Amino acid sequence: AAAAAGASRYTFDELSWGNDEKHHIAEGYNADILLRWGDPITADAPEFDVMNQTVEAQLKQFGYNNDYVGFTALNDEGTRGLLCVNHEYTNEEVMFPGLGRQDRDGFKGMTKELVDIEMAAHGGSVVEIAQGADGKWALVRDSQYNRRITPFDTEMVLDGPAAGHDRMKTNDDASGLAVIGTINNCAGGMTPWGTYLMAEENFHGYFWTDEVDADGKPDISGQAEAAQMKRYGVPGGWYAWGKYYDRFNIDKEPNMPNKYGWIVEVDPRNPDAKPIKHTALGRFRHEGAETTVSKEGKLVIYSGDDNRFDYQYKYVSGGKITDETAVFGSSLFSDGTLYVARFEEDGVVNWLPLVHGEGPLTAENGFNDQGDVMIDTRIAADLLGATPMDRPEDAQPGPNGTAYLMLTNNTRRTAEQVNAANPRPESSFGHIIEIKEDGEDHAATKGTWSILVKCGDPTIEEVGAQWNPETSENGWFGSPDNAAMDADGRLWISTDQGSGWGKTGKSDGLYALETDGELRGHSKLFFRCPVGGELCGPYFHDSGETLFLAVQHPGTDGTKDFKGFERNSTFEDPATRWPDFDPAMPPRPSVVVVTKQGGGKIAI
Ligand code: FEO
Ligand code: CA
Ligand code: CA
Ligand code: CA
């Protein structure tokens, strides 16, 4: 049928939808496990012993819940390189034996020992990998580059307008220039010169207060910073870290939340270089940080604030990319302008600059300097009249000044709150917006926008989906989260349905989505997750012949009969034991490598 509307640019036979305890890939492709939670990544790391976990071991082993994956080559052929992987969060009830969900409520079972291990399981990993003569990739375990980056003990520095600001000073850092670690690193990006960007997303969830109201809920009414904290959801109280560490307790360290919610740059080629939090890119629940280059040669970074009714942002450097600036810790990360998007009803998008002293961003409104504007980016964007979106997830720049925005879902938007760019009330399945920047230039402050697809089942009228009519029952999806461009400028989308999984019955997966021609809006399923897992990555090697995927939290959002959404998996009784299928091993978040059998570019 697709032939009638022109040939698909993606040459593979689509996979059937469904869900079970395994992963599935389109016929003719390999999907091999490369790295699993707990795998030793340094020469001196102990083998994984799931029943005897320690913080010392976890600091040298692959972390939990792999999300962003990036790669930078170490040789001209690209057969050796550094894989950069975020470890977003932990699912304690599946990580630790004897710790059911009931123990997590109120953190009854969370001892300091377990908190230390889960802190060490967060953050990121940099590992060298190499491709063998058989085309298979493997970890180079004795590489000098291999390291973990964690919120447990990795020292970092800050630069940009908020670095050294009074509101960044804490008991352990009078300078306001230093911080320990990074948290909730969701998606990210690689710079054109091969450094690694980690986005700090749901940082609010890690902060704690001893003050609770009559209902036992966190009470911040006594905090001088209450209004600012509230806009960011601080403290979230998702983890017990603040019980044991003052730095995560806002009663002891009210400025500490200001040191999180940034974009962190890591130099994967220099394990001794302290990662840098670049405050010129703003503070919010950064989903990702995909980079591109403007017509003039400026660095451009798209980043969404993944929260219901929050905003889409873009950063444009002041200077251009040159031999001098294409370096770790570049001035390009502090000399630029952060913009927030206003999607006009007529299909225009205006990028509004967040600059102190301009418009409402003045002392009368609480902004004494550019540092305040960056620390309170959300509040500044509120005043500028940015468009409240349906949870902006990954934003993927494409060729010719295009960008694709994943709006994952927003079941709380009412009929009165819809706008042209977020047109559905109670949106369970989300949509994707295509931006075309003016002059095909990613640095433009104006462009046009259109909706590429409205997700969900096109056969159910009330869903209000919009797909290319050639899309099959296998091809439509819900809740787009991550996106990637392959070497040929084609778009790929991975999904994270969360509880929405119960509404589609489909496992999360990877889809090839047409952006141009008669098949615009046509989607095909390429890879499927095991039950309860969401799909992260995806990342294409420059050759187009290797695709890195990350299966996050396998087994945790599904039931053992693969029927719907439930979060009752435990270490002892998970919905799947992917990828080991060892009765002594719980499911393990893992990075998967996709290659074509016999070699060659993927889907060409
Ligand atoms: Fe961590 Fe917005 O997903
Ligand atoms: Ca995400
Ligand atoms: Ca991406
Ligand atoms: Ca996700």
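Two strands pair if DSSP finds at least two bridges between them. The exercises below use that rule on a predicted model.

**Exercise 1. Find the strand order of the six-stranded open sheet, and say which strands stand at its edges.**

Solution.
Step 1. The order is β9-β8-β13-β12-β11-β10. The pairing is mixed.
Step 2. Look at the ends of that order. β9 (178–180) and β10 (185–190) each have a single partner strand, so one side of each lacks a neighbour in the sheet. These two are the edge strands.
Step 3. Add the twist. From one strand to the next it averages 30°.
Step 4. Check one pair inside the sheet. β11 (residues 196–200) and β12 (residues 263–266) run antiparallel and are joined by four bridges. Ala-199 has Ile-263 of β12 as its bridge partner.

**Exercise 2. Describe the residue Asn-184: its phi, its place and its burial.**

Solution.
Step 1. Locate Asn-184. It sits in the loop between β9 and β10.
Step 2. Read the backbone. Asn-184 is not a glycine, yet its phi is positive, about 55°.
Step 3. Count neighbours. The cut-off for a buried residue is 20 or more other C-beta atoms within 10 Å. Asn-184 has 29 C-beta neighbours inside 10 Å, so it counts as buried.

**Exercise 3. Do the same for Arg-391.**

Solution.
Step 1. Arg-391 belongs to the loop between α8 (377–384) and β19 (392–397).
Step 2. Its phi is positive at about 60°, although Arg-391 is not a glycine.
Step 3. Within 10 Å of Arg-391 there are 26 other C-beta atoms, so it is buried.

**Exercise 4. Work out how far helix α4 is enclosed, and by what.**

Solution.
Step 1. Helix α4 covers residues 112–121. Its buried residues are Val-115, Asp-116, Ile-117, Glu-118, Met-119, Ala-120 and Ala-121.
Step 2. That makes seven of 10 residues, so α4 is largely enclosed by the rest of the structure.
Step 3. Name the packing partners. The buried residues of α4 pack against α1 (55–58), β4 (80–87), α2 (92–95) and α6 (241–244).
Step 4. Look past the helix. Gly-123 follows α4, and its phi is positive, near 105°.

**Exercise 5. Is strand β25 covered or uncovered on its two faces, and which strands pair with it?**

Solution.
Step 1. β25 spans residues 509–513, and five of its five residues are buried.
Step 2. Sort them by face. Gly-509, Tyr-511 and Leu-513 lie on one side, with Leu-510 and Ala-512 on the other. Both faces are covered.
Step 3. Take one partner. β24 (residues 491–495) pairs with β25 in the antiparallel sense over four bridges. Trp-492 stands opposite Ala-512.
Step 4. Take another partner. β26 (residues 523–528) is joined to β25 by five bridges, and the two run antiparallel. Here the bridge partner of Leu-513 is Ser-523.

**Exercise 6. Identify the residues with the most contacts inside the largest nonpolar core, then list the contacts of Leu-405.**

Solution.
Step 1. The largest nonpolar core has 153 residues.
Step 2. Those with the most contacts inside it are Trp-241, Val-340, Leu-405, Tyr-511 and Leu-549. Tyr-511 also appeared in β25, where it is buried.
Step 3. Set aside the neighbours of Leu-405 within four places in sequence. Leu-405 is then in contact with Gly-304, Gln-312, Pro-392, Ala-395, Ile-432, Ile-433 and Ile-435.

**Exercise 7. Place two cis peptide bonds.**

Solution.
Step 1. One joins Val-234 and Pro-235, with omega about 0°. Pro-235 lies in the loop between α5 (226–232) and α6.
Step 2. Another runs from Trp-578 to Pro-579, with omega near 0°. Pro-579 lies in the loop between β28 (546–552) and β29 (590–596).

**Exercise 8. Test the protein chain against the radius of gyration of a compact globule.**

Solution.
Step 1. A compact globule of 604 residues would have a radius of gyration near 25 Å. The protein chain has 23 Å, which agrees.
Step 2. Compare the spans. Along its principal axes the C-alpha trace extends about 60 × 60 × 55 Å.
Step 3. Add burial and contacts. Of the 604 residues, 56% count as buried. Among contacts with a separation of 6 or more, 63% come from residues 24 or more positions apart.
Step 4. Count the elements. The protein chain holds nine helices and 29 strands.

**Exercise 9. State the confidence of the model.**

Solution.
Step 1. The mean pLDDT of the protein chain is 96. Of its residues, 98% reach 70 or more.
Step 2. The model scores are ipTM 0.96 and pTM 0.98.

Key. Residues numbered from 1 in each chain as written. Chains lettered and ligands numbered in written order. Predicted model: local features only at pLDDT ≥ 70, side-chain atom pairs only at ≥ 80, totals over all residues. Buried ≥ 20, exposed ≤ 12 C-beta atoms within 10 Å, placed from the backbone. Contact = placed C-beta atoms within 7 Å. Axes fitted to C-alpha atoms, helices over the stretch in contact; angles between N-to-C directions. Core = buried A, V, L, I, M, F, W, Y, C linked by C-beta atoms within 7 Å. Rg over C-alpha atoms; globule rule 2.2 N^0.38 Å. pLDDT = per-residue confidence, 0-100.
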